[in-house]
Amino acid sequence: MEKVVIIRYAEIHLKGKNRGYFERVFSVNLEKSLKGLRHELRRTSGRWLVEKFEEGYAEEVAERVSKVFGVHSYSIGYLVGNSMDEMFAAAKLVAPRTGSFKVETHRAYKKYPLTSMEISAELGGRLLADNPRLRVDVRSPESTVFVDVRENGKALVFGSFEEGRGGMPVGTSGRGLLMISGGIDSPVAGYMMAKRGMCVELLHFHSYPYTNDGAKEKVVKLSKILSRYSLTARLSAVSVTHIQEEIHAKCAAELNVTLLRRFMFRIAERVAKREGIQCLITGESLGQVASQTIEGMTSSNAVVSLPVLRPLVGFDKDEIISRAKKIGTYDTSVLPFEDCCTVFLPEHPAIKPRLEFIEREEGKLDVEALVAEAIGTLEIIEL
Amino acid sequence: MIYLDNAATTRPNAAAFNRAQAFLGENFFNPSASYGGGFLVHSELERARATLLSAVADPEKFELIFTSGGTESDNQAIFCAAKRGNAVTTAGEHAAVERCFNELKNRGVEPRYAPVKKSGAVDAEALLSLVDEKTSLVSVIHVNNETGAINDIAAIARAVKRKNPRCLFHSDGVQAFGKIPFRLPQEVDLYSVSAHKIGGIKGTGALIKRRDVALPPHIFGGGQEGNARSGTENVLGILCFSYAAQEKFKTLSADSARLSALRPLFLSKLGGAFLPLSEEGSSPYILAVSAPGTRGEVLSRMLWENGVVVGTGSACSSKHRYSRVLAACGYDKNVLDGVLRVSFSPTTCEEEAMRAAEAMNEAVRRFKEKL
């Protein structure tokens, strides 16, 4: 009896004439998520089946596909012949040991000699006879045995529907460049855009030797977790060390962070345009820290022309944390490696910096040369 | 590369390692096996045990239990000895001891911490005042791993035993073993040592204990190490440890004297930018300095890029901004931020030390120029 993972998709069916395209991307994404595991992915009417994986791997297959956006629900079940004996053998494996249950049959193969009700009644009866500790409750059973009689002489038998993450297949909503730090927020921001189908590319800024290799390793780790959902293949890293030194040496201390962020936005935009990426993504949340005020965001936006998406802008820290925990990035984000050396952190950062002041201070720097120099340090890390 | 982070770990002694590897390649048998091969490995382990033990203690009075390292030895000593009442330690301990004492609280034993002096050595009188008739264990680090301050554990243990003869005395000797001349007095019951600080490989250590002290097992299983620490012995690590120690102890006094002479030269080469934190009379192997207002961590990475390797406080506690131990010594944040720990090896030559000092001065100059 073959164990399979059954996948049902979410919003794709809404997409009218584009449905074929969405489904193709979804298929490719499922394949990507299963990379490295022996399997066969098969499209059947209205669902996908993962079959022929090695024994003992069903949970891992399910775990991986559960992270693919566009999955509405999934089940681990059995693919068997549609004879009553075979369906019963599978039903016995998924049925509970004790308590109330019912059998719910869906019959896609309308020529099957029994109706759905008759199949449920027959299998239910056999299960009851086989295990006296079970009882039937068709209104509110503790467990349900689902039987899906297919047209090719096969049937699927499974015990539950696990909820997928919904959303749209990654790659169907353009490309964005996420500025990823080692913090809690940016991976969540990337996750949210990927969930809406955006292909999320990653850019990290470091300031070695003021930050250490541990900080970079942490970002790589976060990127790997995020890439399970976003299917991102690599991370770009750029050094802003010299920029930080220059700002620190020449500009008003309270603008350190504001000015650095403007540089990061400029660098990100250059990288994005070079790669044909359509927007920037940040993990900013309004008012969370001194640089994330509307004035701070305005000052960053002023140096770029690409749209800047801030999916967390209206979220409280608690909400972001609870999402990070669900995504699985939280524990890594709170590892104690700093993104920014404390020498560069001003005692009192400007909360509402005026643009004229910012531009005057920035005028002390050779912005173009520093940006070009930083882009020259870009390295690519394969995830 | 000029490697001056020998208190964190040392380059393995190649001859010792090759000899141990060759032995293990031929004699891979389980030392507990009852046939000839097993007995042969067992015998070599026993020779290693005797070598290591006799280097610092009287084998008639003490025995040695192999462990996975200094941390495990400290854990075994503390959790097996501090079973009731209170336990006293110092504010200058390595995390392997400090964390155990914090955990004692959860196990119904009251931890007590004696303050340290500016040098990092314990205030012995304050320590004694914490010892009472309910004290079941006192643990005092032998050589402070951050400043190199040496605690006179023989005198402290004697005074502790006068006050409470029933309590046990433990010392973390990881930075002392194979480095400073010392014999274990009978007042010290338990002593932790580690292989990779003296040319052995990581993952091997030992707990030396007085034979008449009964210690319950820490790890249960096949009954190895006289039932005190089960698990098939790490033959490669243990043999390498003993072969490396043989070499080390031969030249211990000479090395110690040479490094003591090197120290003032090194310090005078260091510019006024560095404040020495280690005091006179501390281990010649460890020198803590600070360039106030800089960041030790950043300096150490700048130095790494220039082929000079030094530490920043204790490697095991590098995840916290300030060194807990140095903060306990009473230094302010400005000093704590800029700490580097330079730790020498017997092979460190004067020229290397001078070049390292120059590189350190240069790193501070660059740091200050940029920031």
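**Two interfaces in a predicted model**

In this predicted model, 12 residues of chain B are in contact with 14 residues of chain A. Start with this meeting of the two chains. Together, chain B and chain A bury about 1100 Å². Carbon and sulfur atoms account for 62% of that area.

Now look at the charged groups. How many salt bridges does the rule find across the interface of chain B and chain A? The rule finds one. Its partners are E245(A) and K370(B). Their side chains meet with 3.6 Å from N to O. That distance counts because a salt bridge needs the Lys or Arg nitrogen within 4 Å of a carboxyl oxygen of Asp or Glu. Polar contacts can be counted here as well. Between chain B and chain A there are five residue pairs in polar contact, with both residues at pLDDT 80 or more.

Which elements of chain B give two or more residues to the side that touches chain A? They are α9, residues 296–305, and α12, residues 350–370. Of the elements, α9(B) gives the most, with six residues. What kinds of residue make up this side of chain B? Seven are charged and five are nonpolar. No polar residues appear in this division.

Next, turn to chain A by itself. Chain A is divided into two parts: domain 1 covers 2–163, and domain 2 covers 175–382. How far apart do the C-alpha centres of these domains of chain A lie? The centres of domain 1 and domain 2 are 43 Å apart.

The two domains of chain A also touch. Seven residues of domain 1 are in contact with seven residues of domain 2. The area buried between these domains of chain A is about 750 Å². Of this area, 63% comes from carbon and sulfur atoms.

The same two checks can be made here. Across the interface of domain 1 and domain 2 of chain A, the rule finds zero salt bridges. Residue pairs in polar contact, both at pLDDT 80 or more, also number zero across this domain interface of chain A.

Finally, look at the side of domain 1 that touches domain 2 in chain A. Which helix gives the largest share of this side? Helix α1 of chain A, residues 19–33, does so with three residues. By kind, the residues on this side of domain 1 of chain A divide into four charged, two polar and one nonpolar.

Methods. Residues are numbered from 1 along each chain as its sequence is written. Chains are lettered from A and ligands numbered from 1 in the order in which they are written. This is a predicted model: local features need pLDDT of at least 70, side-chain atom pairs count only at pLDDT 80 or more; totals for chains, interfaces and linings use all residues. Side-chain values use heavy atoms; hydrogens and water are left out. Contact means heavy atoms within 4.5 Å. Buried area is the accessible area (1.4 Å probe) that two parts lose on being put together, summed over both. A polar contact is a pair of N or O atoms within 3.5 Å; within protein, one must be able to donate a hydrogen and the other to accept it, and residues adjacent in sequence count only if both atoms are side-chain atoms. Helices (H or I, at least four residues) and strands (E, at least two) are DSSP runs, numbered from the N terminus. Ala, Val, Leu, Ile, Met, Phe, Trp, Tyr, Cys and Pro count as nonpolar, Asp, Glu, Lys and Arg as charged, and the others, Gly among them, as polar. Domain bounds come from an automatic or database domain assignment.
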